[in-house]
Each structure stands twice: as C-alpha cells, then as structure tokens.
Amino acid sequence: MRDEQRFFTIFQEDGMADTYISVTNENFPEQVLQAPQLVVVYFAADKSNSCQIQEPEFVAVSKAYQDRVTFAKVNVENEEGLTNQYTIDGIPTLVFFKGGNEIYRIKGIMMRDKLRRQLEGVLLVASE
C-alpha cells in the first residue's frame, strides 16, 4: 500500500466521519430536503484521489460547524439516481441546500479555510 493510501485509510478509520451523515436515494428527502437548517451535501467517490484530498477538509469544516449546519455525504458510485438528479458532472462537489432547494454549489477541491469562508457567506445569505 502506498504511503498516501495508508494515511487516508488510517484517517478514515479513526472515526473522523462522525460529523456527517451518509445519505442515499431513500433517505435524501428526509435528511436533506426536509431539514430545517442548511445542509451541505458532499458528492464523492471513495476511490477518487481528489475526493481523498477533499475528505479531511470536509470533515474539519463539518466538525467546526456541526451545531449550525447538517453535513451529509453521497457516494456517487452507489447513488447514480441522486448523481443524475443533481447533475453532478465532476467530483468532489459540494451542494448547499436550504428549505429543500439548492442554493449554492462548489465543484472541485477546496481547502478548509476557503471552504469556511464560503460556508460563512452562504450562512449569512441563507439566514435572511
């Protein structure tokens, strides 16, 4: 196993994903669309190098904002219906939902500081 693969495996096994929920086609309406607060959905694939880079950034931000925002992850390899419905044409993609509607989208890797700034901006607009 390559060093970076070993790092990501250890990182993921260390309970770091406790700050977000896994969503599927079945629970997406309840967990995301009907949620009263802002929901950030991370569309990703486990085998994607880009998603392996994004994962710890997403986890760090989800830990910092878990009291104000719901964070969710969709595995695009298993949830083709959601991937098509929300036109996910590249991963990683973060889609922000409020009141059942998409209000913002980020495509590609975004480091945690920039992701925090983007999230703060969305929270400001979404609270109006």
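Glu120 is partly exposed, with a relative accessible area of 34%; here buried means under 20% relative accessible area, exposed over 50%, and partly exposed in between (1.4 Å probe, protein chains only). Glu120 forms a salt bridge with Arg68, the closest N and O atoms being 3.5 Å apart. A salt bridge is a side-chain nitrogen of Lys or Arg within 4 Å of a carboxyl oxygen of Asp or Glu. Arg68 lies in the loop between α3 and β3 (70-75) and Glu120 in helix α5, so the pair ties together parts that are 52 residues apart in sequence. Arg68 is partly exposed as well, at 41% relative accessibility.

This is a predicted model, in which local features need pLDDT of at least 70 and side-chain atom pairs count only at pLDDT 80 or more, while totals for chains, interfaces and linings use all residues. Residues are numbered from 1 along each chain as its sequence is written, and side-chain values use heavy atoms, with hydrogens and water left out.

**Salt bridges**

By the rule above, the count comes to 7 salt bridges. Side chains of opposite charge can pair when their charged atoms come close. Three of the pairs are tabulated here.

| Pair | Closest N to O distance |
|---|---|
| Glu57 and Arg112 | 2.9 Å |
| Arg68 and Glu120 | 3.5 Å |
| Lys107 and Asp89 | 2.8 Å |

Glu57 belongs to helix α3 and Arg112 to helix α5, so their salt bridge ties together parts that are 55 residues apart in sequence. Glu57 is buried, at 10% relative accessibility, whereas Arg112 is partly exposed, at 30%.

Lys107 and Asp89 also meet in a salt bridge. Because Lys107 lies in strand β5 (residues 101-107) and Asp89 in the loop between α4 (80-85) and β4, this pair ties together parts that are 18 residues apart in sequence. Asp89 is exposed, with a relative accessible area of 58%. In addition, Asp46, Glu55 and Lys73 are linked in a network of salt bridges.

**Overall architecture**

The secondary structure comes to 5 helices and 5 strands; helices (H or I, at least four residues) and strands (E, at least two) are DSSP runs, numbered from the N terminus. From the N terminus on, the elements run α-β-α-β-α-β-α-β-β-α. The protein has 128 residues, of which 43% count as buried. Its accessible surface comes to about 7,200 Å², with 47% belonging to carbon and sulfur atoms; accessible areas come from the Shrake-Rupley method with a 1.4 Å probe, and for residues only the protein chains shown count as cover.

**The sheet**

An open sheet of 5 strands has the order β1-β3-β2-β4-β5, with mixed pairing. The edge strands are β1 and β5, each of which pairs on one side only. Two strands pair if DSSP finds at least two bridges between them. Strand β1 (residues 21-22) pairs with β3 in the parallel sense over 2 bridges, and the bridge partner of Ile21 in β3 is Ala72. The pairing of β2 with β3 is likewise parallel, over 6 bridges, with Val40 opposite Phe71. By contrast, β2 and β4 pair in the antiparallel sense over 5 bridges, and Val39 stands opposite Phe97 in β4.

For β3, 6 of the 6 residues are buried, so the strand is largely enclosed by the rest of the structure. Thr70, Ala72 and Val74 point one way from β3, and Phe71, Lys73 and Asn75 point the other way.

**Nonpolar cores and surface patch**

A nonpolar core is a set of buried Ala, Val, Leu, Ile, Met, Phe, Trp, Tyr and Cys residues joined through side-chain atoms within 4.5 Å. The largest nonpolar core has 20 residues, and Val40, Val69, Phe71, Leu94, Phe96 and Leu119 touch the most other members. At least two residues of this core come from each of β2 (39-44), α3 (49-65), β4 (93-98) and α5 (112-126). The largest share, 5 residues, is supplied by α3. A second, separate core of 16 residues includes Val39, Val76, Tyr86 and Ile88.

On the surface, Ile53, Ile109 and Met111 form a nonpolar patch with about 250 Å² of accessible area together. Patches are made of residues with over 30% relative accessible area and no salt bridge, like charges being joined within 9 Å and nonpolar side chains (Val, Leu, Ile, Met, Phe, Trp, Tyr) within 5 Å. Met111 is placed in the loop between β5 and α5 and is partly exposed, at 42% relative accessibility.
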